[in-house]
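I opened this entry to record what I looked up in one model. My notes follow in the order of the searches.

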Amino acid sequence: MPPVIGKRIFTGVLNVLFPDNCPVCGNSSGNYEIYPFCDSCWHEIRPYSGPSCGVCGLPLPSTHSITCGECLKSPPDFARLRSYGLYEGGLKEAIHQLKFRNGRHLARPLARLLVESGLPENLPEAGVVIPVPLHHSRLFEREYNQSALLAREIAELAGMRLELNGLGKSRKTIPQVGLSRKLRLANLRGAFGITDGHRFDGCHVLLVDDVCTTGATLRECARVLAKAGAENVNAVTLARSTQDVWGVDDGADASGVND
Ligand SMILES: [Zn+2]
Ligand SMILES: [Zn+2]
């Protein structure tokens, strides 16, 4: 068979197996692990390496301060919050696929990005991984919790225990985007709770979420876990949205981005 015909058949088979094109560049994707992304756009997903708050990981405009104003004013119950990258470009698109386009299989390569970049850092092996929960009505709409998918993969890659049911969301919250700090806290207060029968005495917890903006949701989850006896709470997210923090609209839609 002439090579050009062989190539056409091969491309045809790929198009049947992977009908969607890469959402970043529009080229076809031939890698089922990161589908619908092409290899080159996936490898463009890079960690954030600029200055950030030593506690909550908030990207800071300069290296002069090492702790953000919010963490100085009211220190959170987590030791550290770290995010892999900024909520933009390929990472933003990948999270969108994971969340809204049924891209559940992307949880594994995304979790691998986190773990291979050294996150979560300095965690004792005996730690327990807990996803930020969705309210049951949201879970019903979306059918799965993207943070739980990520938490499962991180637990497996980091050799930690996964706890899917210990922390629950008992009250629905409105999207936090555009709310003042006071309203954000009021919106979240009492939204999360420990499920009956669960205790976290002496536990080292790693909280997992897909995106965070100010970190208020993770602060509230950490507060609840600390109250339930957790000795130490750390948090990781794939991305950090700077919308509403720097006053920059990065195009994040209010319904899709956690606080
Ligand atoms: Zn591409
Ligand atoms: Zn901070």
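I took buried to mean under 20% relative accessible area, exposed over 50%, and partly exposed in between, with a 1.4 Å probe and protein chains only. By that rule I entered Cys 68 as buried, because its relative accessibility is 6%.

**Ground rules.** The model is predicted, so I kept local features only at pLDDT of at least 70 and side-chain atom pairs only at pLDDT 80 or more, while totals for chains, interfaces and linings use all residues. Residues are numbered from 1 along each chain as its sequence is written, chains are lettered from A and ligands numbered from 1 in the order in which they are written, and side-chain values use heavy atoms, with hydrogens and water left out.

**Whole chain.** I counted 9 helices and 7 strands in the protein chain; these are DSSP runs numbered from the N terminus, helices being H or I of at least four residues and strands E of at least two. The chain has 259 residues, and 46% of them count as buried. I took a contact as heavy atoms within 4.5 Å. Among contacts with a separation of 6 or more, 73% join residues 24 or more positions apart. The exposed area is about 12,900 Å², with 53% of it from carbon and sulfur atoms; I used the Shrake-Rupley method with a 1.4 Å probe, and for residues only the protein chains shown count as cover.

**Zinc ion, ligand 1.** Which residues coordinate this ion? I found Cys 22, Cys 25, Cys 38 and Cys 41, each through SG, at 2.3 to 2.4 Å. Donors are N, O and S atoms within 2.8 Å of the metal (3.2 Å for Na, K and Ca), and sites may look incomplete because water is not among the atoms. The spacing along the chain is C-x2-C-x12-C-x2-C. Cys 25 sits in the loop between α1 (3-17) and α2, and Cys 41 in helix α2, so this pair ties together parts 16 residues apart in sequence. I noted Cys 25 as partly exposed at 37% relative accessible area, and Cys 41 as buried at 12%. The 4 donor atoms subtend angles of 102 to 118 degrees, so I entered the arrangement as tetrahedral; four donors get that label if all angles lie between 85 and 135 degrees.

**Zinc ion, ligand 2.** Here the donors are the SG atoms of Cys 53, Cys 56, Cys 68 and Cys 71, at 2.3 Å. Their spacing reads C-x2-C-x11-C-x2-C. Cys 56 is in the loop between α2 (39-43) and α3 (69-73) and Cys 71 in helix α3, so the pair ties together parts 15 residues apart in sequence. Cys 56 is buried at 4% relative accessible area, and Cys 71 is buried at 5%. This arrangement is also tetrahedral, because the 4 donor atoms subtend angles of 106 to 114 degrees.

**Disulfides.** How many disulfides does the whole structure hold? My search returned 0, with a disulfide taken as a pair of cysteine sulfur atoms within 2.5 Å. I also looked up Cys 203, which is buried at 14% relative accessible area.

**Aromatic rings.** I paired rings of Phe, Tyr and Trp (its six-membered ring) with centres within 6.5 Å; planes under 30 degrees apart are stacked, over 60 edge-to-face, and the rest tilted. The count is 1 aromatic pair. The rings of Phe 37 and Trp 42 have centres 5.4 Å apart and planes at 70 degrees, so the pair is edge-to-face. Both Phe 37 and Trp 42 are buried.

Notes: Four donors count as tetrahedral if all angles lie between 85 and 135 degrees; four count as square planar and six as octahedral if opposite donors are over 155 degrees apart and all others between 65 and 115; anything else is irregular.
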